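Trainee: Could we go through this structure together, one question at a time? I would like to see how each answer is reached.

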Amino acid sequence: MTKELHENVCDEIIFKGLYNKYAAELHDYLYYKYGEQCNPKDKAQDAFIKLWENCKKVLLTTARGFLYKVASNMVLNDIKHQKVVLRYQQEKPQAHTIENPEFLMEKEQYFKMYQQALAKLSEDQRVAFMLNKVEGKKHEEIAQLIGVTRKVVEYRIYSAFSILKTELENFRIK
Amino acid sequence: MDQNSLLEKWLNNTLSDTEMEAFQELDDYLFYKDIVEDASRFKASSFSAVADFDALRKRLPQKTPRVRKLSSRHWLLRIASVFVIGFALYYFFLFGTDVSVVTLVGQKTTIELPDASVVVLNALSEIEYSKKGWVNNKSLNLIGEAFFDVTKGATFDVITPSGTVTVVGTEFNVKHRGTAFEVACYEGIVQVTSGQYSEELREGDRLRLSDGKIYVGKTTYHSPQWTRNISDFQQIPFLEVIEELERQYHIKVILKEVPKETLFTGGFVHNHLENALRSIAEPMDLDFEITHNNEVTLIKREN
């Protein structure tokens with residue numbers, strides 16, 4: 001029975017299923033952790049190619065963990081840790097209300113500040129925070145992906161939030 | 001419950017209903033809420049996404065195993081079917097590996113593995129290993145001959161087409177030429193496996209597998225002689241001695257009425273061809289002649 005599982009990853013239909021299931025989230029993980037500059041699109045695909053090359057040695061159940069580990073290693077070998085500056089979506093000007101320029105400017109400054117605050121987070125903190133709050137992943141799931149305990153994930157999210165809170169202090173609604 | 005505890009629980013999504021009410025009463029509640037909601041402005045998929053599977057499929061390497069021919073020098077390719085495992089290992093030889101070091105005729109080189117183990121490669125040899133995969137899968141593939149000085153506590157496999165050597169913090173030599181497979185241990189313990197056969201070698205032991213036969217003997221040296229630019233043989237078929245000579249010098253040897261199977265004990269230096277030839281011709285009762293295009297003829301002496 002185990003032998004069948006081994007060969008499954010080498011089955012193109014199953015491999016394609018793995019891709020459709022995990023490629024996007026793997027890409028997002030790399031994006032949050034290392035930023036756009038690490039070329040997450042290619043790195044995510046490279047990880048799958050590595051999986052394909054090793055498909056005989058990887059169990060179907062451990063494929064996801066394999067992908068994350070391989071992808072992380074690939075990026076680590078590449079980049080010299082540059083500051084990770086994530087892009088943000090601009091506010092769309094509302095057609096029916098007239099926003100005064102001062103308000104818009106403040107919003108812009110707020111997001112610039114937020115962007116810098118995110119860059120100040122450690123890679124681990126940023127990944128945990130974004131995967132949980134933006135991508136909606138549960139703590140336990142994140143813990144399994146990264147290979148740490150749930151408590152560590154909780155701690156990283158809390159630390160990330162504390163830093164964001166401090167950095168954005170000036171924009172607190174009075 | 002104080003603010004920080006509520007905040008912690010809120011971030012963990014573990015607030016009870018009453019605690020949630022209390023949290024929402026906080027002055028900073030909206031501030032906190034905004035921080036979390038505004039994070040979505042940075043969502044990855046708004047700016048970058050992987051290509052679809054079809055794009056990946058084009059990049060996938062073909063699955064047919066590559067069969068590499070052994071370098072054609074004067075080695076007779078008598079690949080014994082006894083070592084069935086050799087074939088299986090051979091197919092995975094170049095599979096997913098990263099670093100490849102090759103030596104040419106008369107060349108030796110020293111390299112360092114990711115765990116600080118040192119490998120000295122003899123002439124016409126090749127080792128391959130995956131640098132990135134080293135942490136999980138410590139093994140390297142070897143064709144030819146190499147001497148290993150392994151970091152204490154480190155463990156890895158040396159895979160040759162004829163057998164595998166598993167080591168733990170030791171010094172040992174592995175030789176795989178033609179179908180002959182020799183391992184000598186200079187320090188520590190190594191485990192040698194070939195097909196069903198498995199043997200543990202300790203300091204001073206040497207093992208030779210050739211044509212399905214096994215010889216176990218001793219060595220008194222502390223490291224292989226070839227690393228000191230001397231080739232040394234103990235009861236080795238003369239043809240193998242000639243082949244090693246051709247590997248160390250850029251020559252072609254022609255044998256006239258020379259007994260190739262005679263067991264030879266002796267050695268030759270790597271830096272002086274005439275002396276080397278004398279060292280192997282004399283004991284075998286042969287004459288030698290060097291012609292100008294790097295050819296050497298060995299002829300049996302007439303008595």
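Trainee: Is B:Glu257 buried or exposed?

Mentor: Bear in mind that this is a predicted model. B:Glu257 lies in the loop between E13 and strand E14 (263-269) of chain B, and its phi is near 55°, a positive value in a residue other than glycine. A residue counts as exposed if 12 or fewer other C-beta atoms lie within 10 Å of its own. B:Glu257 has 10 other C-beta atoms within 10 Å, and therefore it is exposed.

Trainee: And B:Leu124, is that residue buried or exposed?

Mentor: B:Leu124 is also found in a loop, the one between strand E3 (118-121) and strand E4 (126-129) of chain B, and its phi, near 45°, is a positive value in a residue other than glycine. The cut-off for a buried residue is 20 or more other C-beta atoms within 10 Å. Because B:Leu124 has 23 C-beta neighbours inside 10 Å, it counts as buried.

Trainee: Why is one side of strand E13 and of strand E15 in chain B left without a neighbour in the sheet?

Mentor: Three strands of chain B form an open sheet with mixed pairing, in the order E13-E16-E15. Strand E13 (252-256) and strand E15 (286-291) of chain B each have a single partner strand, so one side of each is left without a neighbour in the sheet, and the place where both stand is at the edges.

Trainee: Which residue stands opposite B:Val253?

Mentor: E13(B) runs parallel to strand E16 (residues 295-300) of chain B, and five bridges join the two. In E16(B), the residue opposite B:Val253 is B:Val296.

Trainee: Which helix packs on this sheet?

Mentor: The helix in question touches E15 and E16 of chain B, and its direction makes about 155° with that of E15(B). This helix, made of residues 273-281 of chain B, is H7.

Trainee: Which helix gives the most to the side of chain B that touches chain A?

Mentor: Altogether, 29 residues of chain B are in contact with 41 residues of chain A. Helix H1 (3-12), helix H3 (29-38) and helix H4 (53-59) of chain B each supply at least two residues of the side that touches chain A. By class, that side of chain B has 16 nonpolar, six polar and seven charged residues. The helix that gives the most to it, with five residues, is H3(B).

Trainee: Which helix supplies the largest share of the largest nonpolar core?

Mentor: In soluble globular proteins, nonpolar side chains tend to be buried together. Here the largest nonpolar core has 55 residues, and those with the most contacts inside it are A:Leu26, A:Leu51 and A:Leu67. Several helices of chain A, together with H1 of chain B, each supply at least two residues of this core. The largest share, 11 residues, comes from H2(A).

Trainee: At which residue does H2(A) bend?

Mentor: Helix H2 of chain A covers residues 12-34, and just after H2(A) comes A:Gly35, which takes a positive phi of about 85°. The bend in H2(A) is about 45°, and the residue where it occurs is A:Tyr22.

Trainee: How many residues does the second, separate core have?

Mentor: This second core includes B:Phe147, B:Val183, B:Val190 and B:Leu209. As for chain B, 30% of its 303 residues count as buried. The number of residues in the second core is 29.

How values were computed. Residues are numbered from 1 along each chain as its sequence is written. Chains are lettered from A and ligands numbered from 1 in the order in which they are written. This is a predicted model: local features need pLDDT of at least 70, side-chain atom pairs count only at pLDDT 80 or more; totals for chains, interfaces and linings use all residues. Two strands pair if DSSP finds at least two bridges between them. Helices (H or I, at least four residues) and strands (E, at least two) are DSSP runs, numbered from the N terminus. Two residues are in contact if their C-beta atoms, placed from the backbone, lie within 7 Å. Axes are lines fitted to C-alpha atoms, for helices over the stretch in contact, and angles run from 0 to 180 degrees between N-to-C directions. Ala, Val, Leu, Ile, Met, Phe, Trp, Tyr, Cys and Pro count as nonpolar, Asp, Glu, Lys and Arg as charged, and the others, Gly among them, as polar. The bend at a residue is the angle between axes fitted to the seven residues ending there and the seven starting there. A nonpolar core is a set of buried Ala, Val, Leu, Ile, Met, Phe, Trp, Tyr and Cys residues joined through C-beta atoms within 7 Å.
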